[in-house]
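Here are some short exercises to work through with the structure open in your viewer. Try each task before you read its solution.

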Amino acid sequence: MTALEVSNKAEPDFDVIIVGAGIAGCIAAYQLAQQGRSVLLIERGEAPGSKNLSGGVLYCRGMQEVFPDFLDSAPVERRVTRNYINFLNAESSIGIDYKDTRLADPVNAVTVLRAKLDPWLAGKCEEAGVFLMSGVRVDRVLTENGATGKRVVGVKAGDDELRAHVVVAADGVNSFIAQEVGLRAKQPLNHLATGVKCVVNLPAETIEARFGVTGDEGAAFAVVGDCTEGVGGGGFMYTNTNSISVGVVLRLDDLTAKRKVATDVFDHFLTHPFIAPYLEGGEVIEYGCHMVAEGGLGMLGEIDMDGMVVVGDAAGLTLNTGLTVRGMDLAVASGVAAAVGIGASLERKDFSKAGLAGYRETLFASPEGKDMKTYAKAPAFLEVERMYKDYGELIANVLYGAFNLDTKPREHLAKVAIRAFKKSPVKVRHLISDGIAGVRAL
Amino acid sequence: MSINIWIVVAGDPAVGNLIDTARSLGGQVCAAVVGSRVVADTVAAGGVDKVVWFGEPGKAPVEAFATAAADVIEATPGVVLGASRASDRVLLGAVAARLQAPVLTAPSSVSAEGDTLVVTRSIFSGIAEETVTVSGPVAVVLDGGPIPVANPAGGSALMEEVSAVTLGMTVVETHSSDFEQVDLGAAPRVVGIGRGLKAPGDLAMIEALAKASRSEVACSRPLAEGLDWLHKDRYIGVSGQHIAPEVYFAIGISGQLQHMVGVRGATTIVAINSDPNALVFTEADYCLVGDLYSIVPALTDALR
Amino acid sequence: MKIVVAYKWAPNPQDASVGVDGAVDWSRAKPGISEYDPVAIELARRLAEATGGEVIALTAGPKSVDASMARKAALSRGFDRAVIVADDALEGAGTTELAAVLAAAVRHIGDVDVVITGDSSVDVGAKMVPTVLAGQLGWPAVAEVTAVSGSDPAAGLLRVERAITGGTQVLEITGPAVLAASTDAAVPRVPGMRDILAAGKKPVETLEVPALDVPASGTTVTVTATARPDLKARKGQLIDTADPAAAAAELVAALRADGAI
Ligand SMILES: Cc1cc2nc3c(=O)[nH]c(=O)nc-3n(C[C@H](O)[C@H](O)[C@H](O)COP(=O)(O)OP(=O)(O)OC[C@H]3O[C@@H](n4cnc5c(N)ncnc54)[C@H](O)[C@@H]3O)c2cc1C
Ligand SMILES: Cc1cc2nc3c(=O)[nH]c(=O)nc-3n(C[C@H](O)[C@H](O)[C@H](O)COP(=O)(O)OP(=O)(O)OC[C@H]3O[C@@H](n4cnc5c(N)ncnc54)[C@H](O)[C@@H]3O)c2cc1C
Ligand SMILES: Nc1ncnc2c1ncn2[C@@H]1O[C@H](COP(=O)(O)O)[C@@H](O)[C@H]1O
């Protein structure tokens, strides 16, 4: 326990201090400012979004409730109308193509780039009166001993301390704040995955032609099987306006057990004959590794205590259903719920865990909170080896038997694709980093 | 080119490149020279048509003549070339301001097409290049080059001495320290070190490697400015030296753009860095991820 | 003393991407206080502390330089107030134009004793804005300044130390003057949370270009082509360093094979 014990009872500097200007932190800050509260939002990146791995598919209903004009005014990339699920083997692939214009009306999911979305959200917060402080890394929370034990009263960064009635930990998947005050234990490896991802620039027309979409429509490809070289996890390709987000999410325990390096698996994915043609001619403009919590409800830590609530990834609010990684919509839902609970506690001047109970209640009454329960068992299911390896091959062998009418030797496509890919100006930055280093860098 | 071509000289006669460039534009080349008579004579003999000299500067620094230089050039404005050294930039800046002339830096080529100047230059620390055509007065900053050799054809330039009103500046103290000058540009191999080096005492280890590989030692900017471990003329990059050796060893250098732009001409780049994500590896031929303190001595041994 | 620090709010080209046609895409490069400008701020603060002066922030650029984050980033570093020329007409403005705008702003502020700038801006990096600015004002300029004090501030006398090739020099200047700080003149302080909170309350005057008296240039510059420099393809060959001696031997063999040594 490293939390600082503070005894003096200074007047708080703000009603609420929020640590982390990701989606969860911004939404909570915005909603609280709308209630007329004084809110400080602290972000360690020089600018919001600068530390956040770019985007993905956002299920946007919650966002639209906060910002009714979200789809028109926010920097959304494309509206997802095509979902493609692919079982990939070394030489074959089987896909389920689900295309439905109903998905666009009303819009259910959009692709976003965090480098654009986060600054937009932070701008909305500032317009609403939030004091945004970027380039500051919170080192620890300030605690005092209250009637019911330890309570959080503020934050410390460098030599400065600032106090608030309520602190919100919105500091992402590695939330050291939640760990510091004992709300979360260090997670076992099988609850964590590492995401390696890049954004590849391509002209809009090329994207539309390759992914079979038009206008502002977009596609979300989920891929399992050989693309991860048998490591538990999956890959994805999401279309943005002028780029493609492509990445893999790999279970850490399985990576370690199989002695694989995340970035190598990612390279394998990029050069896979199924994937490479979609990216050909593109240029990598962003590259990074990030942890993903994918333990579902089992990962969820304590989310409240006297003087503090935990939201978004920091609280373990992520869902990996196998076909989709969901975290951003849960971050929105928890930000909204936190604002409700904190608002009520400020109203009653009761900042204890009991006073903040409105957060928990609102969160689990929300559709997203309910989903957390529905999918409670998904992670265990995803740990089953067959998902990643055997199913795909099995189905492929069956189909091969049915469709293989000619036996002429084939050219080794993988090689061709690798050559094609290497020739393109794509340069994967940090090519030789290993997965563990990537994780440590976070 | 029928418009006037000026070069400004701020005390240092190492302006051979300016004279060559000015000459290549084909017009009347005038030099506005601040500094001693010796400097003015050197420039005059170096191939310009006319020198305007402001007299012996006495205790006034060259910068004190900035307004005077602008006054002179304003009378016949045109293309004005200046070296990228600190004092030269001050004179050129004053001239550019007086002429409201745009400033172009880092040119790779300067030529004339009729009365327009065509400049190809590197922009934004070398991430891109642009070619511009300019009509009207313009200031161009370029590498000064060597001291010009006296024009063998003889016929020294017309020398005009003007008396100048100087700005209120006086040199009250000058301290010089000895340093060993090197010509990094001529070295076939260069060992470049960066902030990965922990203490100035560790330079001995680097010098041993340099000796074994017959290289010159260079560095990143922070080691020369800030840490002062090496002299400023040994740092490489956008604001330092540009080199193109056969081999460049980048040791404990993160490889940021502003440094790498100075070594992009190297035939082979070897990078030694403990951070596997270091940018330098994206621009290296041989990548050694590890502690320089164990790799450098081993490499020195292997080379002996 | 009235001390002005000209700082730039600009992105690092390191984070920009360049198309094959040489078009620069800045959308991923987030602007910040230009790398070396905090050194200038620190020099100014020292001078102000010694002479009891006021330190005024000055910047010019497109509207984004007046964003609240940009203001806070500047003002948290110890300025008393800021004058910001924010005008989208300055998007992509060249050195001389920017310097002319800054000079007009310095005249607008009035009675300025000294303007301190950084060594070079992170994006353009011409090291020319301070000298052209001085030229516009008709003031003395000195670059590579390592220290400045007011030797007799009442008489407008500045004592300026600067680096020269192979040494240092001390100058006495009858102000006002423009001084460009060398990159290692001072170690800038990192602003704390309280500094940032205080920054939100400091006075800011925002101006647009038409409010200033800026002379026009008679020169036209036309960009006729842009290109991405042709970078050499590098091998990117990884040499395992688990055994340093073996790694060294492998490297030396490879360099020999290449004919590099
Ligand atoms: C590869 C990958 C793909 C994904 N794909 C999707 C997808 O398609 N759809 C989806 O919905 N979700 C996806 N997710 C999950 C989603 O990104 C997260 O759930 C979501 O970002 C959580 O938001 P957050 O606000 O809780 O945390 P974050 O977005 O992580 O924000 C936390 C913020 O806190 C800041 N911070 C941290 N520590 C401190 C400190 N000490 N002081 C100050 N600031 C601090 C950080 O800089 C950061 O800005 C994906 C995740 C990964 C890694
Ligand atoms: C306008 C402008 C102009 C500039 N001009 C130049 C210029 O001309 N030249 C220039 O060099 N810079 C220039 N810079 C600065 C440049 O951006 C970088 O900040 C600088 O090059 C970084 O120097 P570095 O690599 O030595 O230090 P760092 O970036 O700190 O890197 C040190 C590296 O050492 C590695 N390391 C640490 N310990 C070890 C170990 N034991 N073994 C192996 N590796 C280790 C680290 O992993 C790290 O990668 C300029 C910047 C600006 C804004
Ligand atoms: N737009 C600007 N606004 C204020 N100061 C500037 C601006 N551009 C340059 N400067 C100052 O001039 C210095 C040198 O810039 P440059 O000539 O662009 O390399 C910078 O470090 C800043 O101090």
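**Exercise 1.** In this predicted model, describe how helix 1 (residues 23–34) and helix 4 (residues 114–127) of chain A cross.

*Solution.*
- Step 1: Start with the two axes, which come within 9 Å and cross at roughly 20°.
- Step 2: Angles under 35 degrees count as roughly parallel, so helix 1 of chain A is roughly parallel to helix 4 of chain A.
- Step 3: Now for the hand: helix 1 of chain A and helix 4 of chain A make a left-handed crossing.
- Step 4: Look at who touches whom. Helix 1 of chain A contributes A:Ile23, A:Cys26, A:Ile27, A:Ala29 and A:Tyr30, while helix 4 of chain A brings A:Arg114, A:Leu117, A:Asp118, A:Leu121, A:Ala122, A:Lys124 and A:Cys125.
- Step 5: Sort the residues of this contact by class, and you get nine nonpolar, no polar and three charged.

**Exercise 2.** Do the same for helix 3 (residues 95–109) and helix 4 (residues 129–137) of chain C.

*Solution.*
- Step 1: Here the axes lie 8 Å apart, and the packing angle is about 50°.
- Step 2: That angle makes helix 3 of chain C oblique to helix 4 of chain C.
- Step 3: The crossing of helix 3 of chain C with helix 4 of chain C is right-handed.
- Step 4: Among the contact residues are C:Ala99, C:Ala103 and C:Val106 of helix 3 of chain C, and C:Val132, C:Leu133 and C:Leu137 of helix 4 of chain C.
- Step 5: By class, this contact of helix 3 with helix 4 of chain C counts nine nonpolar, three polar and one charged residues.

**Exercise 3.** Find the residues that come nearest to ligand 3, and then look for its polar contacts with the backbone.

*Solution.*
- Step 1: Of 21 residues around ligand 3, the nearest are C:Ala6, C:Asp37, C:Ala60, C:Ser121 and C:Lys127.
- Step 2: Take C:Ala60 from that list: one of its polar backbone atoms is 2.7 Å from a nitrogen atom of ligand 3.
- Step 3: Turn to the oxygen atoms of ligand 3. One is 2.9 Å from a backbone N or O atom of C:Ala126, and a polar backbone atom of C:Val129 is 2.9 Å from an oxygen atom of the ligand.

**Exercise 4.** Between which chains does ligand 2 lie?

*Solution.*
- Step 1: Ligand 2 sits between chains B and C.
- Step 2: Of the 31 residues around ligand 2, B:Arg195, B:Ser220, B:Ile236, B:Ser254 and B:Asn273 come nearest.
- Step 3: For a side-chain contact, check B:Lys198, which has a polar side-chain atom 3.1 Å from a nitrogen atom of ligand 2.

How values were computed: Residues are numbered from 1 along each chain as its sequence is written. Chains are lettered from A and ligands numbered from 1 in the order in which they are written. This is a predicted model: local features need pLDDT of at least 70, side-chain atom pairs count only at pLDDT 80 or more; totals for chains, interfaces and linings use all residues. Side-chain values use heavy atoms; hydrogens and water are left out. Axes are lines fitted to C-alpha atoms, for helices over the stretch in contact, and angles run from 0 to 180 degrees between N-to-C directions. Helices (H or I, at least four residues) and strands (E, at least two) are DSSP runs, numbered from the N terminus. Angles under 35 degrees count as roughly parallel, over 145 as roughly antiparallel, 65 to 115 as roughly perpendicular and the rest as oblique. A crossing is left-handed if the near helix is turned anticlockwise from the far one by less than a right angle, and right-handed if clockwise. Contact means heavy atoms within 4.5 Å. Ala, Val, Leu, Ile, Met, Phe, Trp, Tyr, Cys and Pro count as nonpolar, Asp, Glu, Lys and Arg as charged, and the others, Gly among them, as polar. A residue is near a molecule or strand if one of its heavy atoms lies within 4 Å of it. A polar contact is a pair of N or O atoms within 3.5 Å; within protein, one must be able to donate a hydrogen and the other to accept it, and residues adjacent in sequence count only if both atoms are side-chain atoms.
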